[in-house]
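Visitor: I have a structure open and do not know where to start. Could you walk me through a few features?

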Amino acid sequence: MDGSTSKGKRKRGRKNKAAEDHRSPSPDAPAAAAPAAAVSDIPAPAAAGRRGRKSRRLEAAADADASRPPAKPVSNGVDAELGPAGWEEAGRAVPSMDAVVKVFCVHTEPNFSLPWQRKRQYSSSSSGFVIGGRRVLTNAHSVEHFTQVKLKKRGSDTKYLATVLAIGTECDIALLTVSDDEFWEGVSPVEFGSLPALQDAVTVVGYPIGGDTISVTSGVVSRIEVLSYVHGSTELLGLQIDAAINSGNSGGPAFNDRGICVGIAFQSLKHEDAENIGYVIPTPVIKHFIQDYEKSGAYTGFPIIGIEWQKMENPDLRKAMGMKPDQKGVRVRRVEPTAPESGCLQPSDIILSFDGIDIANDGTVPFRHGERIGFSYLVSQKYTGDKAVIKVLRNSKVHEFKIKLATHKRLIAAHVKGRPPSYYIVAGFVFAAVSVPYLRSEYGKDYEYDAPVKLLVKHLHSMAQSPDEQLVVVSQVLVADINIGYEDIVNTQVLAVNGHPVKNLRDLVTTVENCKDEFLKFDLEYDQIVVLERKTAKAATKDILTTHCIPSAMSDDLKA
């Protein structure tokens with residue numbers, strides 16, 4: 001919410017070529033055929049229709065090589081004739097590459113459309129690398145909904161069981177460790193460097209599709225800015241590079257020309273007019289994640305300022321808001337009711353500076369020589385619970401406030417943090433709380449185009465009025481005699497039960513379970529109502545659960 005662009009750019013309507021211009025997490029290469037979509041949503045990188053042509057090209061290359069004099073066998077850039085001694089010398093020449101590991105993960109995703117069961121498990125492979133403290137870094141989407149994680153070192157034939165220590169969904173980073181001491185033998189941890197400059201050389205190392213051994217691709221840093229993290233549904237500092245980041249590269253390190261790590265490969269741009277555009281998580285974000293874990297013992301997230309803001313580039317607008325010619329800043333449009341800033345900030349306030357750094361009329365702050373960056377970067381460098389000083393212009397007077405920073409509470413959650421989805425069933429009506437994974441399950445990866453407008457408006461623009469508020473809907477109706485005439489109710493918001501406003505799913509369950517009235521009356525959006533005889537509804541629920549092989553009328557978290 002910390003910006004005017006994050007929601008303003010999202011549009012709904014007919015998809016065109018621009019709709020395909022999206023950044024997607026670099027998907028983990030499937031290790032086995034998966035019945036459901038793997039960790040990321042981008043299409044398969046290889047098109048089946050071009051296999052024949054590719055095979056002919058490979059054959060032609062083989063014919064061309066046949067006319068050449070035989071070449072010496074080479075392994076890792078060293079003549080194979082040199083034997084193991086030569087191989088060891090090559091390994092010493094690039095010690096950082098020995099810290100890169102292959103990550104094997106078995107995923108079992110929740111089924112948000114049928115929340116009482118899970119989807120069939122599937123496998124994926126990705127990359128990671130060893131850091132100090134007997135730990136390994138990889139991408140969060142590489143181990144999302146993990147059942148089992150294993151790591152394999154370069155040149156080893158052994159897979160070691162790994163333990164997931166922390167998953168940072170917003171920054172798309174996960175921290176792993178291995179208890180087996182043998183895994184750590186002969187491995188030197190990767191060293192982190194500073195933020196690279198534009199045109200600095202970078203080398204991405206990992207295990208992408210196309211082979212089983214380690215792969216290296218090179219390029220340069222072409223852009224540094226605050227960008228959208230697709231998996232995290234947030235905006236953080238990122239690097240754009242022109243090195244290829246393919247399926248399986250996720251979690252692999254990006255080295256500079258001195259062998260120092262400057263980031264983690266995590267997503268790429270898929271568009272017919274773009275080639276070799278990859279994105280890297282830079283070291284400031286990585287160090288924030290690691291230090292957050294070390295300080296708190298768990299990942300607490302990246303704080304934000306809970307506001308929506310407007311640029312003040314128009315001179316008439318600045319004059320009308322009482323700004324002097326030497327004053328610059330951004331206008332507060334709305335304040336999140338659940339944000340700590342709601343106690344001091346008001347709509348139409350002009351934020352002039354954050355922690356002593358002046359904010360320009362376009363919402364940027366000085367970054368490095370000749371560069372500017374969105375002021376949300378300053379906020380993301382803080383930790384949850386930190387204090388910050390903001391200078392505000394209100395009614396032509398300057399005020400200073402010390403605010404406590406916190407993470408964002410969304411009405412429609414972007415992630416469920418690995419928990420199974422909550423649900424409640426009565427008389428065949430399946431009640432659920434809406435989340436982004438729920439929308440993706442119901443309407444596919446293009447849910448921002450295909451979901452109903454009423455849900456998209458709430459997703460993009462509605463703000464939670466309390467920390468525990470949820471958007472509760474009738475997900476579907478399991479057909480039975482008691483719900484005749486209600487079969488077409490799908491994904492419709494529940495506003496009240498017997499006159500009691502529904503705050504969240506637990507509130508609905510409590511109201512229904514404690515009801516003593518003869519009828520249950522559910523007020524839905526657009527003035528729809530559902531009325532059920534209470535005793536008959538509860539008796540019918542048992543038969544419906546048996547018919548559909550559902551173990552319980554509510555999820556375990558609602559039973560407590």
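Guide: Remember that this is a predicted model. Start with a pair of strands. In β27, Phe429 is the bridge partner of Val426. Strand β26 covers residues 423-426, and β27 covers residues 429-433.

Visitor: How many bridges join β26 to β27, and do the strands run parallel or antiparallel?

Guide: They run antiparallel, and 4 bridges join them. The hairpin has 2 residues between the strands. Look there at Ala427, which takes a positive phi near 55°.

Visitor: How do I read the two faces of a strand?

Guide: In a regular strand, side chains alternate between the two faces of the sheet. Now apply that to β26. Tyr423 and Ile425 point to one side, Tyr424 and Val426 to the other.

Visitor: Are those four residues of β26 buried or exposed?

Guide: All four are buried, so both faces of β26 are covered. The cut-off for buried is under 20% relative accessible area.

Visitor: Which residues join Tyr424 in an aromatic cluster?

Guide: Phe429, Phe431, Tyr486 and Phe522 form one cluster with Tyr424.

Visitor: How do I read aromatic pairs, and how many are there in the whole structure?

Guide: Check the distance between ring centres and the angle between the planes. A search of the whole structure finds 12 pairs. One of them joins Trp116 and Tyr423, edge-to-face, at 5.7 Å centre to centre with 70° between the planes. Trp116 lies in the loop between β5 and β6 and Tyr423 in β26, so this pair ties together parts 307 residues apart in sequence. Both residues are buried.

Visitor: What about Phe129 and Phe192?

Guide: That pair is edge-to-face too, at 6.3 Å centre to centre and 70° between the planes. Phe129 is in strand β6, while Phe192 is in the loop between β11 and β12, 63 residues apart. Phe129 is buried at 0% relative accessible area, whereas Phe192 is partly exposed at 23%.

Visitor: Now salt bridges. How many are counted?

Guide: The count comes to 14. Read each one as a contact between a side-chain nitrogen and a carboxyl oxygen. Take Arg394 and Asp349: their closest N and O atoms are 2.8 Å apart. Arg394 is in strand β24, and Asp349 is in the loop between β19 and β20, 45 residues apart.

Visitor: Is Asp349 buried or exposed?

Guide: Asp349 is buried, with a relative accessible area of 1%. Arg394 counts as buried as well, at 15%.

Visitor: Which residue meets Lys119 in a salt bridge?

Guide: Glu109 does, at 3.8 Å from N to O. Both sit in the loop between β5 and β6, 10 residues apart. Lys119 is partly exposed at 29% relative accessible area, but Glu109 is buried at 15%.

Visitor: Which residues do shared salt-bridge partners join into one network?

Guide: Glu308, Arg333 and Arg334.

Visitor: Can a charge meet a ring instead?

Guide: Look for a charged end above a ring face. Lys295 lies over the face of Tyr383, 4.0 Å from the ring centre. The charged end of Lys153 sits over the ring of Phe183, 5.9 Å from its centre.

Visitor: Last stop, the surface. Which residues make a nonpolar patch?

Guide: Phe519, Ile529 and Val531 make one of about 250 Å². Phe519 is placed in strand β31. At 40% relative accessibility, Phe519 counts as partly exposed.

Key: Residues numbered from 1 in each chain as written. Predicted model: local features only at pLDDT ≥ 70, side-chain atom pairs only at ≥ 80, totals over all residues. Heavy atoms only, no water. Buried < 20%, exposed > 50% of the residue type's maximum accessible area, 1.4 Å probe, protein only. Pairing = 2+ DSSP bridges. Salt bridge = Lys/Arg side-chain N within 4 Å of Asp/Glu carboxyl O. Patch = residues over 30% accessible without salt bridge, like charges linked within 9 Å, V, L, I, M, F, W, Y side chains within 5 Å. Areas by Shrake-Rupley, 256 points an atom, 1.4 Å probe, with all protein chains shown as cover. Phe/Tyr/Trp six-rings, centres within 6.5 Å; stacked < 30°, edge-to-face > 60°. Lys NZ or Arg CZ within 6 Å of the ring centre and 35° of its normal.
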